[in-house]
Amino acid sequence: MSTPQAQFNALVQAYHALLYRYALWLCGNAALSEDLVQETFLRAWKSLHHLREPGAARQWLLTILRREFLRNRKRHAPLDKASRSLDELDGDDAALVDGRPPLAEALADRNALHAALMRLSLEQREPLLLQVLGGYSCEEIATELGISSGAVMTRLSRARLRLRQLLADPPETATQKGVV
Amino acid sequence: MNCLEFRRRVAAEPDLASDGLREHIRHCAACRQFRDELLELDCRLRSALLTPVADDLAARILLAQSTLSRRRQQRRRWLALAASVLLVTSLAVFFTSHETARPLDEIVVAHIEAEVAHLSERRDVPMTQLQHVLARVGQHLHGDIGPVNYAGVCPIGRHEGAHLVVDGRQGPVTVLILPETRVVERRVIERDGWHGLILPARQGSMAIVGKPGEELEAVARRILGRLGQVS
C-alpha cells in the first residue's frame with residue numbers, strides 16, 4: 001500500500017503537465033498558470049484523503065484547479081469585456097450552413113490557433129478545453145460546470161464555429177470589415 | 001436527420017459516431033466536408049494545446065508541498081508540546097489544589113492545636129511589633145485593637161498568615177489573618193471542641209476561634225475594620 005507522499009508524487013508526475021496546460025489556456029498567463037497548478041496541488045495534498053479512486057484523480061484535480069482559477073479571477077480580474085462582446089456574435093445558425101474557405105492553411109499556423117482560442121469567451125473556451133484537453137464527455141462537462149448537457153453542447157458547438165470563423169477570417173481582416 | 005441538426009451535433013462532438021450521423025454523411029458531401037474539417041480542427045487544436053511545460057515544475061510543486069508538510073509537522077509538534085504543558089499544568093494545579101482542598105476549618109484548628117501554648121501567653125505585644133508582624137503578611141493596622149498577647153507569622157496551610165491571640169470576654173481568642181486564602185462566604189468552625197468563624201476579607205480571609213459564648217463576629221469585624229479589610 002502506497003504512502004500519501006508516494007501517492008502525491010505519482011499525482012504530480014502524472015497530472016502536472018495537464019493541469020498546467022489547462023490553466024494556461026484558461027487564463028493565458030504562464031506565470032499565473034504555474035501558481036494555479038502549485039496551489040491546486042497544495043490543496044490536493046491537504047485533502048488527499050478525499051481521493052478514494054485513482055481513476056477520479058484527473059477530474060478531482062481539474063476541479064480543484066478550476067475553482068482556484070475562478071477564485072483568482074474573482075479577486076483580480078474584471079470580466080473580459082472583449083470576450084463578452086465577441087460572445088454576443090455567437091448563436092447564429094447561419095454559421096452552421098455558411099460556406100467557408102478551407103481551413104487547412106489557417107490550421108497549420110499554430111500561433112493563429114492559439115490566438116483564436118484565446119479570443120473565445122471563457123464560457124466557450126472552458127468546455128472546449130475540458131473536452132479536448134481533459135477528455136471529458138458532454139455529461140462530465142455539464143457536471144463540472146453545473147449546467148445542462150444541452151447547454152454544454154450549445155457552448156461547444158458555438159466554440160468550434162467561432163474558432164473556425166476566427167481562423168478563416170482573422171480579426172485584422174474582420175476589423176477592417178467592421179465585424180469586430 | 002437534416003443538415004442543421006447534423007451540424008449542431010457534430011460541432012459539439014466531432015468524433016461522435018452514430019447510425020444517424022453515418023447515414024447522413026453518406027448522402028451529403030457538404031456535411032461530410034464540414035465534419036472532416038471539424039475533426040481536423042480538433043486534431044490541430046489538441047496538438048496546439050500541448051504547449052511545453054517547464055522541466056522543473058513538478059520539482060517545484062513537490063518542494064512547495066514538502067515545505068508545507070514540514071510547517072504543518074512543526075505546527076503539530078508545537079500543538080503537542082502546548083497540549084503537554086497544559087496537561088502537566090492542569091495536573092499540577094489539580095494536585096496542589098487538592099492539597100489546599102483540605103477544609104480550611106481543619107487547617108485552622110490543626111494550627112491552633114499545634115501552637116496551643118500561645119493561648120496562655122500574655123506578652124502584651126507592643127504596637128510597633130504588632131505592625132511589624134502584620135507588615136510581613138502585607139497588612140497594616142489603622143487603629144488600636146486592644147491587648148494582643150501573642151503575634152507571629154506562621155505557615156498556615158500553603159501560605160503564611162499572621163497569628164494573633166487577643167483577650168476575649170470568655171478567654172483567649174485566636175485570630176488568624178490569611179491574606180492569601182480566599183473564601184467566598186462566612187463559615188462556622190465547629191470542630192474537635194473548637195468554636196469559631198472564617199470570614200471573607202477584602203484580601204484573603206480571617207479565622208477567629210474562641211470559647212463558646214464568645215462574641216467572635218464582633219471581635220473579628222473590629223479587627224478587620226482596623227486593618228481596612230472589611231469585604
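Two strands count as paired when DSSP finds at least two bridges between them. That idea will help you find your way around this predicted model. In chain B, six strands make an open, antiparallel sheet, while chain A meets chain B through a contact that draws on 34 residues of chain A and 29 residues of chain B. Here is a tour, topic by topic.

**How far to trust chain A**

- The mean pLDDT of chain A is 80, and 76% of its residues reach 70 or more.
- Residues 79–92 of chain A have a pLDDT below 50, and this stretch has 13 contacts in the model beyond near neighbours in sequence.
- Residues 173–180 of chain A also stay under 50, with five contacts beyond four places in sequence.
- Where pLDDT is low, the predicted coordinates should not be read in detail.

**Where the chains meet**

- The contact takes 34 residues from chain A and 29 residues from chain B.
- On chain A, the elements that give two or more residues to this side are H1 (4–27), H2 (30–46), H5 (94–97), H7 (110–119) and H10 (149–168), each of them a helix.
- Helix H1(A) gives the most, with ten residues.
- Sorted by class, the side of chain A that touches chain B has 22 nonpolar, six polar and six charged residues.

**The nonpolar cores**

- The largest nonpolar core has 52 residues, and those that touch the most other members are Leu19(A), Tyr22(A), Ala23(A), Val37(A), Leu65(A), Leu129(A) and Leu163(A).
- H1(A) supplies the largest share of this core, with 13 residues.
- Leaving out residues up to four places away in sequence, Ala23(A) touches Ser33(A), Leu36(A), Val37(A), Leu65(A) and Phe69(A).
- Another core, of 35 residues, lies apart from it and includes Ile156(B), Ile198(B), Ala220(B) and Leu227(B).
- In soluble globular proteins, nonpolar side chains tend to be buried together.

**An enclosed helix in chain A**

- Helix H8 of chain A spans residues 122–132, and nine of its eleven residues are buried, so H8(A) is largely enclosed by the rest of the structure.
- The buried residues of H8(A) include Leu128(A), Leu129(A) and Leu130(A), and also Arg125(A) and Glu126(A).

**The layout of chain B**

- Chain B has seven helices and six strands.
- Along its sequence, chain B follows the pattern α-α-α-α-α-α-β-β-β-β-β-β-α.
- Of the 231 residues of chain B, 28% count as buried.
- Among the contacts in chain B with a separation of 6 or more, 51% join residues 24 or more positions apart.

**The sheet of chain B**

- The strands of the sheet stand in the order S1-S2-S3-S6-S5-S4, with antiparallel pairing.
- S1 (148–156) and S4 of chain B are at the edges with a single partner strand each, so one side of each has no neighbour in the sheet.
- On average, neighbouring strands are turned by 20 degrees against each other, direction ignored.
- Helix H6 of chain B (residues 127–136) packs on the sheet and touches S1 and S2 (159–167) of chain B, with its direction making about 15 degrees with that of S1(B).

**Strand S6 and its partners**

- Which residues of S6(B) point each way? Ser205(B), Ala207(B) and Val209(B) point one way, whereas Met206(B), Ile208(B) and Gly210(B) point the other way.
- All of these residues are buried, and S6(B) covers residues 205–210.
- In a regular strand the side chains alternate between the two faces of the sheet.
- S3(B), residues 172–178, pairs with S6(B) in the antiparallel sense over five bridges, and Met206(B) is the bridge partner of Ile177(B).
- S5(B), residues 194–200, is joined to S6(B) by six bridges and runs antiparallel to S6(B).
- Across that pairing, Gly196(B) stands opposite Val209(B), Leu197(B) stands opposite Ile208(B), and Leu199(B) has Met206(B) as its bridge partner.
- S5(B) and S6(B) form a hairpin with four residues between them, and Gly204(B) in the turn has a positive phi of about 80 degrees.

**From S5 to the edge**

- S4(B), residues 187–191, runs antiparallel to S5(B), and five bridges join the two.
- Leu197(B) in S5(B) is the bridge partner of Val188(B).
- The hairpin of S4(B) and S5(B) has two residues between the strands, and Asp192(B) takes a positive phi near 50 degrees.

Note on methods: Residues numbered from 1 in each chain as written. Chains lettered and ligands numbered in written order. Contact = placed C-beta atoms within 7 Å. Nonpolar A, V, L, I, M, F, W, Y, C, P; charged D, E, K, R; others polar. pLDDT = per-residue confidence, 0-100. Buried ≥ 20, exposed ≤ 12 C-beta atoms within 10 Å, placed from the backbone. Core = buried A, V, L, I, M, F, W, Y, C linked by C-beta atoms within 7 Å. Axes fitted to C-alpha atoms, helices over the stretch in contact; angles between N-to-C directions.
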